[in-house]
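Please look over the sequence and the model below. A short briefing on helix packing, two single residues and model confidence comes after them.

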Amino acid sequence: MTVAILGMSLYLCGVAFAPIIAPHLSERFGRSSVYLVSLPLFALFILGAGTSKSFAAVAVCRFFAGFFGGPCLVLIEGTFADVWSPHKTVTYYSVLSLASYVGAGCAPIILGYVVPAENWRWTQYVTLMIALAAFLLGVGMPETYPREILRTRARRGGYTINLAKAESGVTLAEMARITIFTPLAMAVSDPVVIIVTLYLALNFAVLFQWVRRAINTRWRYADRTDVDPQSSSQSPLFWQ
């Protein structure tokens, strides 16, 4: 069962690196550059997962899809804060949160028709189509991060500029303290963070329990029918 859910759990493990890496990249290269590099790499690994011929290849591609797709999830809130004032940003954050629930709710409905008509690989192909559409919308998007805007103006004007110290840290020790050790300390000392952490843990526990039951149901169905584990139309859960 642990191996069976690797496709989802490894993806989430990849996403977990985003809050550690993305802030430092955006501080040094701006938000737009991170979007336009990470999103195509995410799409490539999603394509790799969809065309994989082995379970190991699916697992590896899913991890790196999460790794390269994660920065887009992390930086979107910073982009909102760059564009709108704080009292407006709160409203747009609610729309952003709603979008994640609407997307998660639409996926089973859409793929519930697509996958039976085609095969499991279309779970990745549909994701790829959405990623490509998002990338095309983002091409030409202006930079929103104030520090990078000032740096770009200085480069084009041929003059130097002295900026304040990056909030995410400059040295490796500062980066590790701000993005790793401080959040870990808050997870066991800050009441609000503790409550949110427990709430998210409950959400993921329910999610993985649901996936476990769905896989068990699929296995029982396979035991009662003549399912070919090597068939490309079958889920990679059976490539073992």
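The points below cover confidence, two helix pairs and two residues.

This is a predicted model, in which local features need pLDDT of at least 70 and side-chain atom pairs count only at pLDDT 80 or more, while totals for chains, interfaces and linings use all residues. Residues are numbered from 1 along each chain as its sequence is written, and side-chain values use heavy atoms, with hydrogens and water left out.

**Confidence**
- The chain has an average pLDDT of 81, and 88% of its residues score at least 70; pLDDT is the predictor's confidence in each residue, from 0 to 100.
- Helix 3 (residues 31-51) has the highest confidence, at a mean of 91, and helix 9 (residues 191-224) the lowest, at 76.
- Helices here are DSSP runs (H or I, at least four residues), numbered from the N terminus.
- Over residues 227-233, pLDDT stays under 50.
- Where pLDDT is low, the predicted coordinates should not be read in detail.

**Helix 3 with helix 6**
- The axes of helix 3 and helix 6 (residues 122-138) come within 9 Å and cross at roughly 165°. Axes are lines fitted to C-alpha atoms over the stretch in contact, and angles run from 0 to 180 degrees between N-to-C directions.
- Helix 3 and helix 6 are therefore roughly antiparallel (angles over 145 degrees).
- Helix 3 residues in the contact include L36, F42 and I46, and those of helix 6 include L128, A131 and F135. Contact means heavy atoms within 4.5 Å.
- By class, this contact has 13 nonpolar, five polar and no charged residues. Ala, Val, Leu, Ile, Met, Phe, Trp, Tyr, Cys and Pro count as nonpolar, Asp, Glu, Lys and Arg as charged, and the others, Gly among them, as polar.

**Helix 2 with helix 8**
- Helix 2 and helix 8 pack at about 130°, with axes 9 Å apart.
- That angle makes helix 2 oblique to helix 8 (outside the ranges under 35, 65 to 115 and over 145 degrees).
- P19, I20, H24 and R28 of helix 2 meet M175, T179 and I180 of helix 8.
- Four nonpolar, two polar and one charged residues make up this contact.

**Two residues in this pair**
- S26 lies in helix 2 (residues 18-29). S26 is buried, at 3% relative accessible area (buried means under 20%, with a 1.4 Å probe and protein chains only).
- Beyond four places in sequence, S26 contacts R31, V34, L75, Y145 and R151.
- E174 lies in helix 8 (residues 172-189). E174 counts as buried because its relative accessibility is 18%.
- Beyond four places in sequence, E174 contacts K165, S168 and G169.

Definitions and conventions:
Helices (H or I, at least four residues) and strands (E, at least two) are DSSP runs, numbered from the N terminus. Buried means under 20% relative accessible area, exposed over 50%, partly exposed in between (1.4 Å probe, protein chains only).
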